[in-house]
Amino acid sequence: IVGDDIVLNNVTNGSAMTLDGNKTINSLTLYGSTNYSINNSVLTIKTGTIERYKGYDANAPPHEYINCDVVLGSNGAWNIDSNGNNPGLYFGTVVNGNISDGGNGYGIAKNGYANCYLYGRNTYTGPTICERGALTIGGTNDTSAICATNTGSILVPGLCSLATNVILSSGANIVFSNPSNIPAATLVFNGGYLSVAYDKAQTFSNQIVLAGNMNIGGSGYLTF
């Protein structure tokens, strides 16, 4: 612990750290060379900032698991990165806890090459923006608009709920790897790429808005 910040570095592989009650900190910094978890209670991050560095091993991709609930105290800048030279989808930071914002309308801007996985039932209402790397939505994000810009990727593995808009800018993409019953209220394309992977089938029953080109690919099946 550095002042009001938590920095986790050189953590023994497989470690499970348990918070002794609810904690309020300025920021959280993770070094991702091993697998470890943060458990129990509620972690309030006043600046909303999470930084993730290092961590790439093709044979044993490392993950950091945040299993406690997270409260955003401000708009969050989440830089979830590898060593900068090995972008990939299969390592990064996994948030299994629920993310909220205390009713203040805060959101998350995700950057960095590694993946950030949101698997909780999230209630924050500000936008979720993926500017680079991958953002996997595996839980419930019914209150936050999802945006992908630049080279950002939104991955939807199924068994999730997205009830607000998903907006894709040129260079960004969204990939469905399993059928999802409620992929989004509205998909908005201003450029961007839509893909259904692995011979899966995806049905879109809600509105699709074309503010620019929509590029379609993948080996799956689409029904509009």
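This report looks at the cysteines, the nonpolar core and one strand of a predicted model.

## Cysteines

How many disulfides does the structure hold? It holds zero. Cys 116 shows why a bond is missing there. Its closest cysteine sulfur belongs to Cys 130, and the gap is 8.6 Å, too far for a bond. A disulfide needs the two sulfur atoms within 2.5 Å.

Is Cys 116 buried or exposed? Its relative accessibility is 1%, so Cys 116 counts as buried. Cys 68 also has a relative accessibility of 1%, so it counts as buried. The cut-off for buried is under 20%.

## The nonpolar core

The largest nonpolar core has 44 residues. Which of them touch the most other members? They are Leu 28, Trp 78, Ile 99, Leu 118, Ile 154 and Ile 174.

Take Ile 174 and set aside its neighbours within four places in sequence. Ile 174 is then in contact with Ile 154, Val 156, Val 166 and Leu 168. Its contacts also include Leu 187, Tyr 193, Leu 194 and Ser 195.

## Strand β4

Strand β4 spans residues 36-39, and both of its faces are covered. Tyr 36 and Ile 38 are buried on one side. Ser 37 and Asn 39 are buried on the other.

Which strands does β4 join? Strand β2, residues 15-18, runs parallel to β4 and is joined to it by four bridges. Here Ser 15 has Tyr 36 as its bridge partner. Strand β6, residues 63-66, is also parallel to β4, with three bridges between them. Ile 38 of β4 stands opposite Ile 66 in β6.

Conventions. Residues are numbered from 1 along each chain as its sequence is written. This is a predicted model: local features need pLDDT of at least 70, side-chain atom pairs count only at pLDDT 80 or more; totals for chains, interfaces and linings use all residues. Side-chain values use heavy atoms; hydrogens and water are left out. Buried means under 20% relative accessible area, exposed over 50%, partly exposed in between (1.4 Å probe, protein chains only). A nonpolar core is a set of buried Ala, Val, Leu, Ile, Met, Phe, Trp, Tyr and Cys residues joined through side-chain atoms within 4.5 Å. Contact means heavy atoms within 4.5 Å. Helices (H or I, at least four residues) and strands (E, at least two) are DSSP runs, numbered from the N terminus. Two strands pair if DSSP finds at least two bridges between them.
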